[in-house]
Amino acid sequence: MTLLANWIEHRWEPASGSATQQVINPATDEVLAEVPLSTGEDVDRAVQCAQKALKGWRNTPVTERIQVMFKYKQLLEDNFEQIARGITQECGKTLDESRGELRRGIENVEVACGAPILIQGYHNEDIAPGIDELMIRQPVGVCAIITPFNFPAMIPLWFLPYALVCGNTVVLKPSERVPQTLVTLLNLLNQAGLPAGVANLVHGAKEVVDAILEHPLVKAVSFVGSTQVARYIYAKASQHGKRVQAQGGAKNPIIVLPDADLEMATKIVADSAFGCAGQRCLASSLAVTVGGVKEEFLESMRAAGQSRKVGNGLDEGVQMGPLINKASRDRVKGLIDIGVQQGAELLLDGRADFDKGSFLKPTVMTMPMSSELLTTEIFGPVLGVLHFEDMDKVIEWINQGKYGNQACLFTSSGANARKFRHEAEVGNLGINIGVAAPMAFFPFSGWKDSFFGDLHAQGRHGIEFYTQTKVVVERWPKEWSRKF
Ligand code: NAD
């Protein structure tokens, strides 16, 4: 059994403590590796190492820093299928879903290659006679990146390329449930020629995170995970004087109006609700029908859920893999029970038994307005359906919700789409789209309890987060000029 190691001082070395956890393939129950639950001592060594490498890396011209990214992009392409298979093995999603997330990750490497333009400052000549003012962007220092289980490749790549091209050094902390993908990504980054000490990796859980949040040399923290932990990270890192971007959980509604193309809506809503077994922060877990569309929509969603092929994501034709582990599967089963106790009607019950693995099948249930599931992030293949007679009332209801990650609308009316775009209080919005995932050159814009901070992941926001602005005011009197 492979015991994973930490990457510190440009070599893989064992963690200092003895605690470990198994990494399990959720489709087969096979134990893939043991991950160490490192200690604060390991974190300190990684941070000191990143700090030591900072001077050399920040003084490396940006034109050279991006050469590493160009090589990295090529290495990710060359190893694309192997990385995608690894994601499916430790995370459970289908091979196509793994390919999709890796592609989205690589797009961030491509955007980061534009750093020479993206990090430009600006300059005014003569703000007063003989005085000029300029703004330059400089790296922040040692940055930490703490990531969740559901996108083991894409989410680290929302941050890592931007932090590096801006001249920072980093400490990575992958999810202890899917630690191997980031090990592969880091090995390729080293092959691409990243200098020693610039990127470090420490495996572990809460103890590692707390040591990062308290370490005086860590200047910025990027986090993605559940709302409860995101709020904690934001508060604690801020208390220790760091800049923070912390993306949290979600409960995303999708509205279907009577004038929507129902065939298209059904297919897209099913992909959004059941794709990645519902373990996406942009999964549309609540469908809201308006007006006369209700019965036909319910029947088409039941049929779409029932026909979905569930199994090992590596197998041909499988459309939905398992949940991340048995605890997660049992939690989702328990939430379906609660829904039924609180008056939900089960149109499709996904609580089937499997010989092995952490599988559930798609579930479709109507939800009364009093159900606590309307505000609970289920994070499984469960679609709740509710009904309103009036679109204005749906928008009002969405805006009262605590989360603001995403809302979508299906309609053929431009005016209704425009009203929704203007009024819905969410950061990512889809019109006739089921997963409004921003491309790498747009920010991933959660609002409310789905995000704590100011600057989001990806694109220009990433560049701004990983640089601090310096303003210089210069006086060079004419009289000082020398004649040569
Ligand atoms: P999680 O919050 O359990 O874990 C995320 C990270 O935090 C992991 O690295 C974990 O080791 C660490 N962690 C866990 N508990 C901690 C604690 N008490 N103190 C300090 N660190 C802790 O999240 P998860 O289950 O891995 O991921 C699923 C969640 O992430 C869902 O809520 C999902 O909506 C959210 N998510 C959000 C986005 C987004 O962009 N908003 C994207 C993906 C996932």
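The exchange below covers aromatic pairs, a charge over a ring and ligand contacts in this predicted model.

Me: Why is the aromatic pair of Trp158 and Phe444 called tilted?
Reply: Their ring centres are 4.5 Å apart, and rings pair if their centres lie within 6.5 Å. The planes are at 40°; stacked needs under 30 degrees and edge-to-face over 60, so this pair counts as tilted. It is part of a search result of ten aromatic pairs in the whole structure.

Me: What makes this a link between distant parts of the chain?
Reply: Trp158 sits in helix α6 (residues 154-165), while Phe444 is in the loop between β19 (428-431) and β20 (447-448). The two are 286 residues apart. Both Trp158 and Phe444 are buried, and together with Phe159 they form one aromatic cluster.

Me: Why are Phe388 and Trp397 an aromatic pair, and why is the pair tilted?
Reply: The centre-to-centre value of 5.8 Å is within the 6.5 Å limit, and 45° lies between the 30 and 60 degree limits, so the pair is tilted. Both residues, Phe388 and Trp397, are buried.

Me: How do you know that Lys93 lies over the face of Phe151?
Reply: Lys93 is 3.8 Å from the ring centre of Phe151, and the distance cut-off is within 6 Å. The angle to the ring normal must also be within 35 degrees.

Me: What makes the approach of Glu176 to the ligand a polar contact?
Reply: A polar side-chain atom of Glu176 is 2.7 Å from a ligand oxygen atom, and the limit is within 3.5 Å, so the pair qualifies. For Ser226, a polar side-chain atom is 2.6 Å from an oxygen atom of the ligand. At Gly248 a polar backbone atom is 2.8 Å from a ligand nitrogen atom. The protein buries 88% of the 850 Å² that the ligand exposes when taken alone.

Conventions. Residues numbered from 1 in each chain as written. Predicted model: local features only at pLDDT ≥ 70, side-chain atom pairs only at ≥ 80, totals over all residues. Heavy atoms only, no water. Phe/Tyr/Trp six-rings, centres within 6.5 Å; stacked < 30°, edge-to-face > 60°. Helix = DSSP H or I, 4+ residues; strand = E, 2+ residues; numbered from the N terminus. Buried < 20%, exposed > 50% of the residue type's maximum accessible area, 1.4 Å probe, protein only. Polar contact = N/O pair within 3.5 Å; in protein donor to acceptor, adjacent residues only side chain to side chain. Areas by Shrake-Rupley, 256 points an atom, 1.4 Å probe, with all protein chains shown as cover.
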